[in-house]
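Subject: Handing over a structure, with notes

Dear colleague,

I am passing the structure below on to you, and I would be grateful if you could look through it alongside my notes.

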Amino acid sequence: RASASNRSKLKMSAAANSASYWRIAGMSYLKYSSMCAEVVRGCLKEPFLTKAKPREAVYFKSVKWTDGKPGKPVVTEVIPPEATK
């Protein structure tokens, strides 16, 4: 039987390994979390599906830095094709 300290080390090790699967797959965390959210929304039934549909649209702000100074922020909206139907 494993001691308490060994069990906590095993838990930490499992958590550390599972947290980096998105890196191993070669994607960003945002892409990974977006894919996970898409899977969860795909499993929903009514009325929860209808409430979750508007959340498919994603907004993000990016700023290009030049010579250590931020440029003008650009807000981008990404709407999946399925959300417009």
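The notes below go from the overall picture to particular residues.

Please keep in mind that this is a predicted model, in which local features need pLDDT of at least 70 and side-chain atom pairs count only at pLDDT 80 or more, while totals for chains, interfaces and linings use all residues. Residues are numbered from 1 along each chain as its sequence is written, and side-chain values use heavy atoms, with hydrogens and water left out.

As for confidence, the mean pLDDT (the predictor's confidence in each residue, from 0 to 100) of the protein chain is 76, and 69% of its residues reach 70 or more. Among the elements of the chain, the lowest mean pLDDT, 57, belongs to helix α1 (residues 4-19), and the highest, 92, to strand β3 (residues 69-70).

The protein chain has four helices and four strands, where helices (H or I, at least four residues) and strands (E, at least two) are DSSP runs numbered from the N terminus. Along the sequence they follow the pattern α-α-α-α-β-β-β-β. Of the 85 residues, 5% count as buried; here buried means under 20% relative accessible area, exposed over 50%, and partly exposed in between, with a 1.4 Å probe and protein chains only.

Helix α3 holds a group of residues that you may wish to view together. By the rule that rings of Phe, Tyr and Trp (its six-membered ring) pair if their centres lie within 6.5 Å, with planes under 30 degrees apart counted as stacked, over 60 as edge-to-face and the rest as tilted, there is one aromatic pair. Its rings are those of Tyr-29 and Tyr-32, whose centres are 6.0 Å apart and whose planes stand at 45°, so the pair is tilted. Because these two tyrosines are three residues apart in helix α3 (residues 29-43), about one helical turn separates them. Tyr-29 is partly exposed at 46% relative accessibility, and Tyr-32 is also partly exposed, at 32%.

Leu-30, in helix α3 as well, is exposed, with a relative accessible area of 65%. Tyr-29, Leu-30 and Tyr-32 form a nonpolar patch on the surface, with about 340 Å² of accessible area together. Patches are made of residues with over 30% relative accessible area and no salt bridge (a side-chain nitrogen of Lys or Arg within 4 Å of a carboxyl oxygen of Asp or Glu), with like charges joined within 9 Å and nonpolar side chains (Val, Leu, Ile, Met, Phe, Trp, Tyr) within 5 Å; the areas come from the Shrake-Rupley method with a 1.4 Å probe, and for residues only the protein chains shown count as cover.

How many disulfides does the structure hold? The count is zero, a disulfide being a pair of cysteine sulfur atoms within 2.5 Å. Cys-36 is partly exposed at 33% relative accessibility, whereas Cys-43 is exposed at 59%.

Some loop residues also deserve a mention. Pro-47, in the loop between α3 and α4, is joined to Glu-46 by a cis peptide bond with omega of about 5°. Lys-53 sits in the loop between α4 (48-52) and β1 (58-62) and is partly exposed at 35% relative accessibility; its C-alpha atom is separated by 9.8 Å from that of Gly-42, eleven residues apart along the chain. Asp-67, in the loop between β2 (65-66) and β3, has a phi near 55°, a positive value in a residue other than glycine, and is exposed at 76% relative accessibility.

With kind regards
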